[in-house]
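Welcome to a short set of exercises. Have the sequence and the 3D view open, try each task yourself, and then follow the solution step by step.

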Amino acid sequence: MAPVRSRLTLKNKIDIIKCYDAKKQSVRELATQFKVGKTQIGTILKTRVDLLRKWCDENVNGETKKNFIEDETGLFFRALPNKTMCLKGENCSGGKISKERITVMLCVNMEGNFETPLVIGKALKPRCFKNIIVNDLGVTWKANRKAWMTQELMKEWLSNFDRKMQGRKVILFLDNATSHPHLNLQNVKLAFFPPNVTSTCQPLDLGIIKNFKTHYRINLLKHVISSIDNENIKKPNVTVLEAVM
């Protein structure tokens, strides 16, 4: 008589369900194969729906926390909409769109949890940052002459991200840009998209970044309108500090 194993793990139970679905084995055959009693097999098959749901919660949903996606985007933080609404016969004139730009790097997992954004400006300590503790801004602030992502900045961010993931094994998906170095990290595996596919395979490019910019533009307009109404300023100025906050 085969020895009976009294306790099965959740994975063992899922394996039994898979064998039953694939091979249509009898309860007796499954009991012999997995060295458990027929009563246990019967109970597992009766509660298969609950077991499969629990398996998905612990594994499929768990995997969403391990898969991260990263991308950068340029943000014209002073640019107002180039269209407006006015009454017929009303005089309406516009102006040039501001080209003042910062770079914003977003990183999010499949569950929708964002890492602290990395924002790159042209000055490490702009005048508007006077008496401001940069670490309290809610973003990671970096700077270079062109406000672009560079390999040095990316290496620093990846090293910090790897330390933060201590004790976990995660995958970070990113495009094959020249500013993205190929590193061997301890806790994070870098997975690069092939060239020319980010517009169809990069989730951040499929609506997340656009949604982020839409919300930013809405808040920018609220700030400008509030400044005009409260301070009677015809052309309010938006600082980098106001943009990141």
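**Exercise 1. Locate Lys35, describe its backbone, and decide how far it is exposed.**

Solution. Keep in mind that this is a predicted model.
- Step 1: Lys35 sits in the loop between α2 and α3.
- Step 2: its phi is near 60 degrees, a positive value in a residue other than glycine.
- Step 3: the relative accessible area of Lys35 is 47%, so this residue counts as partly exposed.

**Exercise 2. Do the same for Asn131.**

Solution.
- Step 1: look in the loop between β3 (118–121) and β4 (140–143), where Asn131 is found.
- Step 2: here too phi is positive in a residue other than glycine, with a value near 65 degrees.
- Step 3: Asn131 has a relative accessible area of 75% and is therefore exposed, given that exposed means over 50%.

**Exercise 3. Describe how α2 and α3 pack.**

Solution. Two packed helices are described by the angle between their axes and the distance between the axes.
- Step 1: α2 covers residues 27–34 and α3 covers residues 38–46; they pack at an angle of about 110 degrees, and their axes are 9 Å apart.
- Step 2: angles of 65 to 115 degrees count as roughly perpendicular, so α2 and α3 are roughly perpendicular to each other.
- Step 3: the crossing of α2 past α3 is right-handed.
- Step 4: on the α2 side the contact involves Val27, Arg28, Leu30 and Ala31, which meet Lys38, Ile41 and Leu45 in α3.
- Step 5: sorted by type, the residues of this contact are five nonpolar, two charged and no polar.

**Exercise 4. Which residues of the largest nonpolar core touch the most other members?**

Solution.
- Step 1: the core has 24 residues, and those that touch the most other members are Phe77, Phe129, Leu137, Trp141 and Val244.
- Step 2: two or more residues come from each of β1 (67–76), β2 (101–109), α7 (208–231) and α8 (240–244).
- Step 3: now select Phe77; beyond its neighbours within four places in sequence, its contacts include Ile102, Tyr216, Leu220, Val240 and Ala243.
- Step 4: a second, separate core has 17 residues, among them Phe68, Met105, Met149 and Trp157.

**Exercise 5. Summarise the whole protein chain: how many helices and strands are there?**

Solution.
- Step 1: there are eight helices and six strands.
- Step 2: read from the N terminus, the order is α-α-α-α-β-β-β-β-α-β-β-α-α-α.
- Step 3: 33% of the 245 residues count as buried.
- Step 4: of the contacts between residues at least 6 apart in sequence, 59% join residues at least 24 apart.

Definitions and conventions
Residues numbered from 1 in each chain as written. Predicted model: local features only at pLDDT ≥ 70, side-chain atom pairs only at ≥ 80, totals over all residues. Heavy atoms only, no water. Axes fitted to C-alpha atoms, helices over the stretch in contact; angles between N-to-C directions. Helix = DSSP H or I, 4+ residues; strand = E, 2+ residues; numbered from the N terminus. Parallel < 35°, antiparallel > 145°, perpendicular 65-115°, else oblique. Left-handed = near helix turned anticlockwise from the far one by under 90°. Contact = heavy atoms within 4.5 Å. Nonpolar A, V, L, I, M, F, W, Y, C, P; charged D, E, K, R; others polar. Core = buried A, V, L, I, M, F, W, Y, C linked by side-chain atoms within 4.5 Å. Buried < 20%, exposed > 50% of the residue type's maximum accessible area, 1.4 Å probe, protein only.
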